[in-house]
Amino acid sequence: MSFQFTEKHIADYHTLGYTIFQDIIPTTLLTDLRRVADKAREIARKVTGPQAQRLQPIAKYDLDQRPFKNYGELPELNDAIHRVLTPHHYHADLDRTGILLEPAEYPWCTDWHRDWRDHMPREVFESEFREEWQWQSYHIDYQNQINCALYEDPSTWIVPGSHYRQRNLPGEIAAKNAYDRDKFRNQRPVSNEQQERDCLDYARNMPGAVQLRLNAGDFALYRSSAWHLGNYVPYRKRATIHDFCGTPEYSQHIDERIERKETAIKRLASAT
Ligand SMILES: O=C(O)CCC(=O)C(=O)O
Ligand SMILES: [Fe+2]
């Protein structure tokens, strides 16, 4: 059945931290997007190597931009976004939009994280960003992100309801800290099967975690402040559009805070 908006989308977004617009991408557009995604995969592996997680931003590369523009203009999708968020929200700014891809050679996973908060040294977050991150995690204009699956995609895991929570549970911290970056990300594993199962164990160890299961043509809107991770295997083809969904003010804020983060990291380095 084609996509139908209901108030459950709004309720889920607030209570779980995510909602799925099932089947919202029209079939002909899905065909066009898959064609461009195949080219994106080739480019990503040339640029980043066989384990490339993404190509981003789309606008920077020699790719047919038209299907992404059509995707950005889909009235039904924009309407659904506006009803869950606000009429000021937009997506598919191709200077930001990326595409997530499966690795070519071996399984790997990211660590459990809450975006931005866990993307910098602890001291930098505490001194420079804690206060704004806290209020932004309750604010509808901020911290919205999307995954739009062009193929079936169960790679993202999330902890429902963790998005508005400020304090992490001891079990959440332990689950995050069980990450071994060399093993799960940087080194070729002894066996792909063992690595796949070890990554699954790592993902499952997070209290309350669920696998976000998307099918081809589904669009997930989620709070990036929720605990989440990506878990990848080479045998499952992945092409999932990954994007921020924001207001013009949030977009400007993202650029500005990247500069503030760099400055704060330099300040910390020179103080130690
Ligand atoms: O692959 C995914 O869906 C999640 C990726 C992610 O959370 C990240 O790279 O920050
Ligand atoms: Fe993330």
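Which residues are around ligand 1?

**View 1. Residues around ligand 1 in the predicted model.** L100, T110, D115, N147, S155, T156, H228 and G230 are the residues around ligand 1. Two or more residues each come from strand 6 (153–158) and strand 9 (228–232). By residue class, the shell around ligand 1 divides into six polar, one charged and one nonpolar.

**View 2. The open sheet of six strands.** The strands follow the order 1-8-5-10-3-2, and the pairing is antiparallel. Strand 1 (18–21) and strand 2 (54–55) each have a single partner strand, so one side of each is left without a neighbour in the sheet. These two strands stand at the edges.

**View 3. Pairing of strand 2 with strand 3.** Strand 3 covers residues 98–101 and pairs with strand 2 in the antiparallel sense. Two bridges link the pair. R54 stands opposite L100 in strand 3, and L100 is also one of the residues around ligand 1.

**View 4. The open sheet of four strands.** Here the order is 4-9-6-7, again with antiparallel pairing. Strand 4 (108–109) and strand 7 (210–214) are the edge strands, and each pairs on one side only. Strand 9 and strand 6 of this sheet are the elements that give two or more residues to the shell around ligand 1.

**View 5. Pairing of strand 4 with strand 9.** Strand 4 and strand 9 are joined over two bridges in the antiparallel sense. W108 stands opposite Y232 in strand 9.

Methods:
Residues numbered from 1 in each chain as written. Chains lettered and ligands numbered in written order. Predicted model: local features only at pLDDT ≥ 70, side-chain atom pairs only at ≥ 80, totals over all residues. Near = placed C-beta within 6 Å. Nonpolar A, V, L, I, M, F, W, Y, C, P; charged D, E, K, R; others polar. Pairing = 2+ DSSP bridges.
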